[in-house]
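Subject: The structure, and what turned up in it

Hi,

Here is the structure I promised to pass on. Have a look at it first, and then read on for what I found.

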Amino acid sequence: MTAMKFIFASLALFGLPPVPHAEAQRHRADQDEAFRGRQAGALRPLRDIEGGIVPRMKQRGADYIGAEFDGGMGRYRLKFMRDGSVIWVDVDGRTGAVVGRAGE
């Protein structure tokens with residue numbers, strides 16, 4: 001085994017355990033909050049929200065990338081791509097109303 005391979009193997013075996021980054025922890029907390037809100041009936045299902053927004057954006061030539069939930073605001077941010085630009089559509093998770101857009 002070469003010295004470089006030994007070093008990498010040692011680091012892999014004896015390195016510090018991976019610690020989730022603060023952003024990953026926040027994302028997980030937001031996912032948990034979205035789940036609890038949906039279970040309690042306080043938030044609309046993401047599928048319903050997507051069903052109201054995605055078809056309209058596709059008609060405008062945008063491809064749907066995905067969504068994330070902001071637990072602090074109670075909003076979903078739907079992401080789209082059109083002509084090399086990202087478009088964000090913010091939607092109230094309780095009502096399904098569009099509350100903001102950026103990147104058009």
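A quick word on terms before the tour: helices here are DSSP runs of H or I with at least four residues, strands are runs of E with at least two, and both are numbered from the N terminus. Counted that way, the protein chain has three helices and four strands. Please keep in mind that this is a predicted model.

**Overall layout**

Along the sequence, the elements follow the pattern α-α-α-β-β-β-β. The protein chain has 104 residues, and 23% of them are buried. Its accessible surface is about 7400 Å², with 57% of that belonging to carbon and sulfur atoms. Looking at contacts between residues at least 6 apart in sequence, 33% join residues at least 24 apart.

**The nonpolar core**

The largest nonpolar core contains 13 residues. Ile53, Met57, Leu78, Phe80, Val89 and Val91 are the ones with the most contacts inside it. At least two residues of this core come from each of α3, β2 and β3, and α3 gives the largest share, with four residues. If you want one residue to start from on screen, try isoleucine 53: apart from its neighbours within four places in sequence, isoleucine 53 is in contact with Leu78, Phe80, Val89, Val91 and Val98.

**The salt bridges**

How many salt bridges are there? The count comes to three, and you may like to go through them one by one.

- Arginine 47 and glutamate 50 meet through their side chains at 3.2 Å, N to O. Both sit in helix α3 (residues 46-59), and because they are three residues apart there, about one helical turn separates them. Arginine 47 counts as exposed, at 67% relative accessibility, whereas glutamate 50 counts as buried, at 11%.
- Glutamate 68 and lysine 79 form a salt bridge at 3.1 Å, N to O. This pair links distant parts of the chain, with glutamate 68 in strand β1 (residues 63-70) and lysine 79 in strand β2 (residues 75-82), 11 residues apart. Glutamate 68 is partly exposed, with a relative accessible area of 32%, and lysine 79 is partly exposed with 25%.
- Arginine 77 and aspartate 90 pair up at 2.7 Å, N to O. Here too, distant parts of the chain are linked: arginine 77 lies in strand β2 and aspartate 90 in strand β3, 13 residues apart. Arginine 77 is partly exposed, with a relative accessible area of 32%, while aspartate 90 is buried, with 13%.

**A buried charge without a partner**

One more residue to look at is aspartate 92, in strand β3 (residues 85-92). Aspartate 92 is buried but has no salt bridge. Which side chain of opposite charge is nearest to aspartate 92? That is arginine 94, at 4.2 Å. A salt bridge needs a side-chain nitrogen of Lys or Arg within 4 Å of a carboxyl oxygen of Asp or Glu, so the 4.2 Å between aspartate 92 and arginine 94 does not qualify. As for what surrounds this residue, aspartate 92 touches Ile49, Gly74, Arg75, Ala97 and Val99, leaving out residues up to four places away in sequence.

Happy browsing, and write back with any questions!

Best wishes

Methods. Residues numbered from 1 in each chain as written. Predicted model: local features only at pLDDT ≥ 70, side-chain atom pairs only at ≥ 80, totals over all residues. Heavy atoms only, no water. Buried < 20%, exposed > 50% of the residue type's maximum accessible area, 1.4 Å probe, protein only. Lys, Arg positive; Asp, Glu negative; His and termini not counted. Contact = heavy atoms within 4.5 Å. Core = buried A, V, L, I, M, F, W, Y, C linked by side-chain atoms within 4.5 Å. Areas by Shrake-Rupley, 256 points an atom, 1.4 Å probe, with all protein chains shown as cover.
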